[in-house]
Each structure stands twice: as C-alpha cells, then as structure tokens.
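Colleague: I would like to learn how to read a structure like this one. Could you walk me through a few features?

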Amino acid sequence: MSTDFRKALQEFIRNEAKPVEKYGHQPRLYTLTRKIAWDLNYDDDVVFAAVWLHDLGVFVGHRPEDPTELARWDHVGYACERVPQILKDVGFPAEKIPAVLAAIREHQPQDNPTSIEATILRDADILEQLGAIGALRTVAKVGRDTRYATFTDAVQTLQKNLEMLPGKIRLQNAKHLAEPRIAALRNFLDAVESESAGALF
C-alpha cells in the first residue's frame, strides 16, 4: 500500500479521467477548496480524497454508454460503492473513509451537506459551474453528452446555473469567490444573446 495517498489518488484519476479534459476539474476544485476553507477548521485529507474521487462515475469506462441507461445513471452511488476499496488500496486512513463518502454523497447543489467538509466540496463544485470555467466545461459537452445536442442546450443550462446556483452557496469565502465568476458568466450569456439575436444554434 502507498503511504502517499495523495499522489496515488492523483495518479489514479489521471489514468481514469476520460475524456481527457475531465482530469482538469479535480486539481482546480482542490485549489478552490483551499481558497474557500483557508480560515476554517476542517479535515483536509477528507476534502482532498472527496475532491479527487467524487466524479469517478462520470468517466467513460465507468459510466454506461447506452443513452437510456446513462439518463438514469447514479454516478454518486457508483462512486460511493468504489471509493472505500480505492482508498484502502492507497493507504488512506480507514477511520476517515466514512467522512469522505458523506462528502461525496452531499456534494451536489441540491444536497444539504451535514459536515464542513461536504459544504466546502459542494461550494467549490458550484463555483466550477460558474464563470469562464463553467462555460467551457458545459460547451465542451455539446454533441457528446445526451443533455447537450446543440449549443442552445448548453446556453440554457448556463442560464439556469446563473439563476439558481449563486443562491445555493453557503460559505462566505465561496460567496466572495463567486462574484467575478457570476459577472463573467452573465457577460458571456449577454454576448451570446446579442451575437445570436436569439436564434437557435
């Protein structure tokens, strides 16, 4: 077993993250958690592990490819099934595994996090859906994700994110970090509206 579980988890996800651009989410997300939680009392081991493993079930090779099955796929449930063994294999402290699973289960915007670690992860993940990064991540899925057949589908998702997500952020540091991202996404969507004259594309 590895005694350096952080390097082992990074390497594991580097190998498993497909399409390849999905790997970028994890290092960005962990950097965000550090910015959000710099003045908070929390377990960084738990946050680190949850950051790197929370999206395992969205990677090609882990998720179903059949569109009907994919539409009802529970990527969080899949991750929670796989994560305990992965963490054991890399030498992660066994007593912290339940906290990692709890953070993964509660990391989505609609969830109600019950720990500071889950709240940090959830706020950081919301930030990744706003701003220029949020636009890039959504637009990259057009044509290969069943939710985004056209750019119009992506724009509608980004508009919904702009309307709904800022109000779900809980931690004050995350709210401050969200402000320029909200402005950037609003400007992007305004430009799309202006340049497309409201036409479908």
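Modeller: Happily! Please keep in mind that this is a predicted model. Let us begin with a pair of helices: α8 and α9 cross in a right-handed way.

Colleague: How do people describe such a pair, and at what angle do α8 and α9 pack?

Modeller: Two packed helices are described by the angle between their axes and by the distance between those axes. Here α8 (residues 131-139) and α9 pack at about 145°, and their axes are 9 Å apart.

Colleague: Which residues make the contact?

Modeller: From α8 come Gly-134, Ala-135, Thr-138 and Val-139, while α9 brings Phe-151, Ala-154, Thr-157 and Leu-158. Sorted by class, the contact of α8 with α9 holds five nonpolar and three polar residues, with no charged ones.

Colleague: Now to the nonpolar core. How many residues does the largest one have?

Modeller: The general idea is that in soluble globular proteins, nonpolar side chains tend to be buried together. In this model the largest nonpolar core has 55 residues, and Leu-9, Ile-13, Leu-53, Leu-87, Phe-92, Val-100 and Ile-104 have the most contacts inside it. Two or more residues each come from α1, α2, α3, α5, α6, α7, α9 (151-164) and α10 (172-196). The largest share of this core is that of α3, with eight residues.

Colleague: Could we zoom in on one of those residues? What does Leu-87 contact?

Modeller: Setting aside neighbours within four places in sequence, Leu-87 is in contact with Leu-9, Ala-49, Leu-53, Phe-92, Ile-97 and Val-100.

Colleague: Back to α3, then. Why is helix α3 described as largely enclosed?

Modeller: Count its buried residues: 10 of the 10 in α3 (residues 44-53) are buried, so this helix is largely enclosed by the rest of the structure. Among them are Asp-44, Phe-48 and Trp-52. The buried residues of α3 pack against α1 (5-16), α2 (25-36), α5 (75-89), α6 (97-105) and α7 (116-127). Look at the start of α3 too, where a side-chain oxygen of Asp-43 comes to within 2.9 Å of the backbone nitrogen of Asp-45.

Colleague: One last residue: is Asn-173 buried or exposed?

Modeller: Asn-173, found in helix α10, counts as buried because its relative accessibility is 17%, and the cut-off for buried is under 20%.

Colleague: And which backbone oxygen does the side chain of Asn-173 reach?

Modeller: That of Ile-36, at 2.8 Å. Not counting residues up to four places away in sequence, Asn-173 touches Lys-35, Ile-36, Trp-38 and Asp-39.

Terms used: Residues numbered from 1 in each chain as written. Predicted model: local features only at pLDDT ≥ 70, side-chain atom pairs only at ≥ 80, totals over all residues. Heavy atoms only, no water. Buried < 20%, exposed > 50% of the residue type's maximum accessible area, 1.4 Å probe, protein only. Helix = DSSP H or I, 4+ residues; strand = E, 2+ residues; numbered from the N terminus. Contact = heavy atoms within 4.5 Å. Polar contact = N/O pair within 3.5 Å; in protein donor to acceptor, adjacent residues only side chain to side chain. Core = buried A, V, L, I, M, F, W, Y, C linked by side-chain atoms within 4.5 Å. Axes fitted to C-alpha atoms, helices over the stretch in contact; angles between N-to-C directions. Left-handed = near helix turned anticlockwise from the far one by under 90°. Nonpolar A, V, L, I, M, F, W, Y, C, P; charged D, E, K, R; others polar.
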